[in-house]
Amino acid sequence: MRAQFVMSEIGVGLRRNLTMTFAVIISVGLSLALFGGSMLMSEQVSKMKGFWYDKANVSIYLCNKQDALEASEAATKKADGSAGGSTGVTTCAKGAVTEEQKKQIQAELKQMSLVKSVAYESADEAYKHYQERFGNTALASSITPDQMQESFRVKLKDPEKYKVVTSAFVGRDGIHTVDDQRQAIDDLFRILNYLNVAALAIMLIMLIVALLLIVNTVRVSAFSRRRETGIMRLVGASSFYIQVPFIMEAAVAGLIGALFACAMLMSGQYFVIDHGVGLRDKIQLIDFMGWGSVLAKLPYVLFIGLLMPSMAAFIALRKYLKV
């Protein structure tokens, strides 16, 4: 088989169907960019999970005098049937946490095998941290140290087992609430996973559109050159010899689309993450992926960009190559 003949046939086919070829390149490029972006997002979410789950604490907030007073009033209203219903009665109705209760809670936490460390935060420390975070808000000026709750910050060896601590301490005397930070983190990751699924769904739609365009482009090209292929059959050319130029046309268009997708992925890393928008500097709480992760996905994008159009062209040409 002459390589010059194959290359000339590829050029002729691409020029004859320039508009459809351009549509194939754009569709393949966008679908593969979404594919690569979805892989990167999945890796980023997994990386963020490992980072944040390791930092997530279980916070055990203790009852203070204000909580005890509010709980006592709520219990009184419920007993009298007033206020139009129950506001909920917590264990704080039995009074603020005592020193004995705090020692008991801390001792039990340290005895639990899944607990990595326990840190106590006083009301004054909680007030200081609150002022550091929300000192510029109107609400912060009305908060006093005695309104803040003491708490134990519990770090677990396995954050997945936070329910063990929750079930052991929730509802006990002197404990207001048991809050697991992992629940809030899970909500964030759930949203990110939904966005990833949406990107994959759009990618599949674009991929189907690209496949249909490839099939139609190959069929139009084969129909426009039916006289040449007929002559080649009569002179004994094999099906593979006739088929190669059409498959190569689709492969070249797919490769250009894959290169376009790679350019979009690298541009996103450069202009959105590292420079331009600069999310890496603006959102330092997130450990964004580096160039190594992006470059590792490019071979997959290029491989699919070559394989997908080639297979689509091979299937579309079967009916045109029957002798």
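This passage describes the overall make-up of a predicted model, the pairing of its strands and its aromatic pairs.

The protein chain contains 11 helices and four strands. Of its 323 residues, 39% are buried. Contacts between residues at least 6 apart in sequence were examined for their separation along the chain, and 83% of them join residues at least 24 apart. The protein chain exposes a surface of about 18500 Å². Carbon and sulfur atoms supply 63% of that exposed surface.

Strand β3 takes part in pairing with two other strands, β1 and β2. Strand β1, which spans residues 57-62, pairs with β3 in the antiparallel sense, and five bridges join the two. Within this pairing, N57 has K155 of β3 as its bridge partner. Strands β2 and β3 also run antiparallel, and six bridges join them. Here S117 has K155 in β3 as its bridge partner. Residue K155 is thus a partner of N57 and also of S117. With regard to solvent, five of the six residues of β3 are buried, so this strand is largely enclosed by the rest of the structure. In a regular strand, side chains alternate between the two faces of the sheet.

Two aromatic pairs are present in the structure. One is formed by Y120 and F152, whose ring centres lie 5.5 Å apart. The planes of these two rings stand at 55 degrees, and the pair is therefore classed as tilted, since edge-to-face pairs require an angle over 60 degrees and stacked pairs one under 30 degrees. Residue Y120 belongs to strand β2 (residues 115-121), whereas F152 belongs to strand β3 (residues 151-156). Because these positions are 32 residues apart in sequence, the pair ties together separate parts of the chain. The two members of the pair are assigned to different classes of exposure: Y120 is partly exposed, with a relative accessible area of 35%, while F152 is buried, with a relative accessible area of 1%.

The other aromatic pair consists of Y270 and F271. Their ring centres are 4.9 Å apart, and the angle between the planes is 80 degrees, an arrangement that is edge-to-face. Residue Y270 is partly exposed, with a relative accessible area of 37%. Residue F271 also counts as partly exposed, at 49% relative accessibility, because the exposed class begins over 50%.

How values were computed
Residues numbered from 1 in each chain as written. Predicted model: local features only at pLDDT ≥ 70, side-chain atom pairs only at ≥ 80, totals over all residues. Heavy atoms only, no water. Phe/Tyr/Trp six-rings, centres within 6.5 Å; stacked < 30°, edge-to-face > 60°. Buried < 20%, exposed > 50% of the residue type's maximum accessible area, 1.4 Å probe, protein only. Contact = heavy atoms within 4.5 Å. Areas by Shrake-Rupley, 256 points an atom, 1.4 Å probe, with all protein chains shown as cover. Pairing = 2+ DSSP bridges.
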